[in-house]
Amino acid sequence: MKMEAVVADNGVNLKHNGLMETKPEKEKPVKPTSLNSGSDIEEEERSVGSLKRVSNKKRKRSIADEGRVAKTKSSREKRTAKKRKEQRNGDDEKKPEENKRSSVKRRAKTKKQELKLVPFIDPTDAVNGSCSHSESDSHVKNDNFKDCRSMTRSLRADLGELAICHQCFKGERRFLFICTFCEERIYCFPCIKKWYPHLSHDDVLEKCPFCRGTCNCDVCLQSSGLIETSKRKLGDYERFHYLQYLIGSMLPFLKNLCKAQEEEIKTEAKIQGLMTSQVDVSETLCSNEERVFCNHCATSIVDLHRSCPKCSYELCLNCCQEIREGLFSERPEMKLDFVYRGSRYIHGEDAEPSSSSVLEDEANDKPFIKWTADDNGSIACASKELGGCGDCVLELKRILPLTLMSDLEKKAETFLASCSINALTVSNCRCSADLEMSMIRKAASRNGSHDNNLYCPDSFDVLKQEELLHFQDHWCKGEPVIVRNALNNTAGLSWEPKVMWRALCEDVASSKMSDVKAIDSLANCEVKIKTRDFFEGYSKGRSYGNLWPEMLKLKDWPPSDKFDNLLPRHCDEFISALPFQEYSDPRSGFLNIATKLPEGVLKPDLGPKTYIAYGNAEELGRGDSVTKLHCDMSDAVNILMHTAEVTLTKEQLSAIEALKQKHKQQDEKELQDQSGVDRGEIVNDENGFHHDETGSALWDIFRREDVPKLEEYLRKHCKEFRHTYCSPVTKVYHPIHDQTLFLTVDHKRKLKAEFGIEPWTFVQKLGEAVFIPAGCPHQVRNLKSCTKVAVDFVSPENIHECLRLTEEFRQLPKNHKAREDKLEIKKMLIYAVKQSLKEVETLLPDLS
């Protein structure tokens with residue numbers, strides 16, 4: 001049977017039932033949840049009967065609370081206004097809503113009621129006999145029930161339809177709990193039980209979820225600005241020092257850009273036979289919302305470039321220089337060679353007879369195309385084979401004002417010359433001191449190395465100025481940083497996938513959210529699955545027909561680059577959790593170069609983005625829930641927001657062990673068939689990394705200086721890896737940027753034995769933030785079902801790595817997924833220097 005499927009990296013769909021029959025975990029019978037069921041009513045009343053009495057003390061609200069009240073109150077009023085209008089029937093003598101609430105409060109004070117528990121009993125229940133109140137009321141204390149019945153009459157007489165739950169906007173619930181902090185919002189028993197299981201009823205009476213900043217009702221989840229996201233305010237003196245640090249870090253790279261442009265203008269002067277000062281460069285018509293890319297290498301063009309007057313073929317300065325030096329590279333297209341051999345093959349059995357053979361690389365069949373420059377340096381347009389017309393000479397064009405970059409360079413030099421010593425250059429590392437042992441975590445065992453431990457502060461410590469300096473000391477060395485308990489700085493909003501899904505369904509059409517495209521880790525292909533089924537598997541697990549765990553993951557979900565628009569409340573919560581916000585805040589991080597881009601200029605998509613995936617504690621070796629080895633162009637921080645653990649049955653564990661033996665035999669046989677390649681000694685995974693049971697994601701991050709040896713190992717052993725459809729990897733174009741390889745425990749041992757290098761290996765726990773420097777290859781394996789949120793940023797310490805990776809990516813084949821220059825670091829650099837100098841001019845009068 002032939003299966004319609006294509007590699008997930010190329011965005012092609014794979015029919016879910018074509019891969020393998022899926023067997024969901026057995027579900028426990030679900031108890032009835034109807035609000036009219038006797039069991040639920042009894043449960044409510046048992047809970048009610050044990051409630052403590054709460055005083056009716058009037059509390060003052062802060063300014064922030066008043067703002068929250070106003071935002072949500074208006075939404076509720078709109079929903080109930082229509083019903084109230086119909087019920088009035090022309091009666092103009094009824095009081096407004098605010099007067100009704102006031103009268104209820106006055107009656108409560110007059111009666112000196114202490115309990116704020118309200119059983120809202122619909123008279124039709126007694127008439128229709130939907131439940132027997134005489135039996136269920138026996139579970140409630142008599143004195144409490146009298147107060148509740150009295151309050152119910154007051155509410156019905158004075159509020160009517162306004163006595164509704166803030167969460168579900170329904171008033172027919174049996175028991176309602178009124179917050180004594182705001183004296184505004186009411187939550188019903190079922191909503192508290194379903195959406196706030198961590199809160200007791202007494203907690204809700206004392207301070208409701210809205211007042212705690214954790215309300216996940218539809219209105220609040222679609223609201224932004226309910227919480228303060230910035231944890232630390234900067235004074236003018238600090239801002240000035242940071243600007244000095246930024247400009248000093250960016251100036252060397254700005255000089256390099258200016259030098260490259262000056263060389264191109266000299267070449268143009270030679271072509272035209274003019275003096276350099278006489279060269280007039282015409283401007284290319286380009287809006288701020290356009291991205292200009294080189295037609296040959298796909299890197300972004302920020303200013304000077306060459307363009308064809310006939311076909312508009314555009315060439316960057318780097319490509320111009322390579323052509324003049326005779327280093328032109330055609331960059332052939334990448335050929336995919338992963339073949340579907342049937343679902344039985346994926347689990348260690350022979351391939352199906354109908355499977356096609358591996359695709360041959362056709363790049364060698366094409367003749368080599370030459371592209372050279374004239375003796376004076378002029379370059380003709382690319383040939384038709386390369387996408388040009390081949391008829392005209394390329395003309396020098398510009399995007400920015402002619403002297404903008406040189407003027408910025410001079411201003412930056414003048415400013416730095418007038419400044420005193422930069423205090424940020426002083427080392428503040430105290431990790432070697434005995435008192436700081438709690439702030440480090442051992443992550444490697446390299447002989448003779450001083451970087452085996454990683455800086456690992458607590459989230460409360462990072463708010464101190466000295467810890468920012470400590471962070472910079474490690475960050476400038478290219479070391480990852482782990483921050484513990486990042487969620488302790490947040491309000492505590494639920495990151496349950498079902499809560500996020502409900503928020504999306506409120507904003508996006510529910511029909512569009514009923515299905516999701518997930519990546520099946522075993523075949524590395526996209527599968528379409530019901531959203532409800534995916535999230536059920538997140539907490540309960542899924543398996544194929546042979547009991548092998550089915551590992552699914554959602555990448556960059558929700559399906560949009562506007563996370564803050566679709567999930568605004570969750571976005572605020574995530575930003576408030578970010579440590580070292582001077583760097584990591586995507587909106588206002590003062591040392592985040594990406595935030596310096598002005599309004600109106602097209603910005604790169606740096607997140608936040610969510611990553612929701614299943615996980616398994618034991619390394620399966622095939623089909624693990626992993627993010628394969630790769631290297632990001634920018635810095636990043638990743639926070640583990642939610643986890644769920646799935647326990648495998650004994651029957652499933654036995655089936656997994658049997659299948660792993662079949663996989664092992666298949667690997668050995670295929671490697672021997674490939675020109676006699678020997679897999680070498682197979683090391684038992686049981687002797688590998690023993691993770692902390694409280695951890696949820698296993699990280700491996702490699703040092704930048706180890707990348708050459710890492711690449712050499714991967715090229716040597718690439719045929720020992722499997723990728724799409726579990727087909728062996730036969731060729732790599734770039735062993736890291738292809739993102740087709742994942743180093744198992746076995747491979748990490750062989751890497752250290754053969755090349756003497758090892759990664760930083762550690763387990764990320766719930767609430768921990770991992771900072772990954774640009775240029776550090778890394779991979780992740782999920783030990784539990786995980787919900788992570790990540791955001792990219794650009795720090796001044798790692799500009800050189802961003803530029804190096806931009807140059808590395810432009811050398812990749814034409815259709816390589818990592819080739820596009822999505823960051824546009826050169827454009828970001830120019831605008832960041834300009835904006836920083838502007839902010840300095842604003843600050844100087846105040847400082848003087």
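This report describes aromatic pairs, salt bridges, backbone exceptions and surface features of one predicted model.

## Aromatic contacts

A pair of aromatic rings is described by the distance of the centres and the angle of the planes. Across the whole structure, a search finds 19 aromatic pairs. In one of them, the ring centres of Phe-471 and Phe-580 are 4.3 Å apart and the planes stand at 25°, so the pair is stacked, given that planes under 30 degrees apart count as such. Phe-471 belongs to helix H16 (residues 465-475), whereas Phe-580 sits in the loop between helix H21 (568-577) and helix H22 (581-584), so the pair ties together parts that are 109 residues apart in sequence. Phe-471 and Phe-580 are both buried, and ring pairs place them in a cluster with Trp-475, Tyr-583, Phe-771 and Phe-793.

Charged side chains also lie over aromatic faces in this model. Lys-207 is placed over the face of Phe-181, at 4.7 Å from the ring centre, and Arg-502 over the face of Trp-195, at 4.0 Å from the ring centre.

## Salt bridges

Side chains of opposite charge can pair when their charged atoms come close. The count for this model comes to 45 salt bridges, and the table gives some of them with their N to O distances.

| Basic residue | Acidic residue | N to O distance |
|---|---|---|
| Arg-622 | Asp-667 | 3.0 Å |
| Arg-722 | Glu-670 | 2.9 Å |
| Arg-804 | Glu-808 | 3.0 Å |

The salt bridge between Asp-667 and Arg-622 links distant parts of the chain, with Asp-667 in helix H23 (residues 650-673) and Arg-622 in the loop between S17 and strand S18 (626-630), 45 residues apart. Asp-667 has a relative accessibility of 17% and therefore counts as buried, and Arg-622, at 5% relative accessibility, counts as buried too.

Helix H23 also holds Glu-670, while its partner Arg-722 lies in the loop between helix H24 (707-717) and helix H25 (745-755), so this pair ties together parts that are 52 residues apart in sequence. Both Arg-722 and Glu-670 are buried.

The salt bridge between Glu-808 and Arg-804 lies within a helix: because the two residues are four apart in helix H26 (residues 799-809), they are separated by about one helical turn. Glu-808 counts as partly exposed at 23% relative accessibility, and Arg-804 is partly exposed as well, with a relative accessible area of 34%. Elsewhere, salt bridges that share partners join Arg-446, Asp-451, Arg-703, Glu-705 and Asp-706 into one network.

## Backbone exceptions

Most residues other than glycine have a negative phi, and most peptide bonds are trans. Against that background, Phe-580, already met in the stacked pair with Phe-471, has a positive phi of about 45° although it is not a glycine. With a relative accessibility of 2%, Phe-580 counts as buried, and its place is in the loop between H21 and H22.

Leu-547, likewise not a glycine, has a positive phi of about 75°. Leu-547 is found in the loop between strand S15 (542-544) and strand S16 (552-555), and its relative accessibility of 13% means that it counts as buried.

The peptide bond from Gly-607 to Pro-608 is cis, with omega near 5°. Pro-608 lies in the loop between H22 and strand S17 (609-613).

## A loop residue and a surface patch

Where does Val-393 lie, and with which residues is Val-393 in contact? Val-393 is placed in the loop between helix H14 (343-346) and strand S9 (395-398); leaving aside its neighbours within four places in sequence, Val-393 is in contact with Pro-309, Ser-378, Ile-379 and Ala-380. The C-alpha atoms of Val-393 and Ala-380 are separated by 4.2 Å, although the two residues are 13 apart along the chain. Val-393 is partly exposed, with a relative accessible area of 44%.

On the surface, Tyr-237, Leu-844 and Leu-847 make a nonpolar patch of about 310 Å². Of these, Tyr-237 lies in helix H12 (residues 236-272), and Tyr-237 is exposed, its relative accessible area being 59%.

Terms used
Residues are numbered from 1 along each chain as its sequence is written. This is a predicted model: local features need pLDDT of at least 70, side-chain atom pairs count only at pLDDT 80 or more; totals for chains, interfaces and linings use all residues. Side-chain values use heavy atoms; hydrogens and water are left out. Rings of Phe, Tyr and Trp (its six-membered ring) pair if their centres lie within 6.5 Å; planes under 30 degrees apart count as stacked, over 60 as edge-to-face and the rest as tilted. Buried means under 20% relative accessible area, exposed over 50%, partly exposed in between (1.4 Å probe, protein chains only). A charge sits over a ring if NZ of Lys or CZ of Arg is within 6 Å of the ring centre and within 35 degrees of the ring normal. Contact means heavy atoms within 4.5 Å. Patches are made of residues with over 30% relative accessible area and no salt bridge: like charges are joined within 9 Å, nonpolar side chains (Val, Leu, Ile, Met, Phe, Trp, Tyr) within 5 Å. Accessible areas come from the Shrake-Rupley method with a 1.4 Å probe; for residues, only the protein chains shown count as cover. A salt bridge is a side-chain nitrogen of Lys or Arg within 4 Å of a carboxyl oxygen of Asp or Glu.
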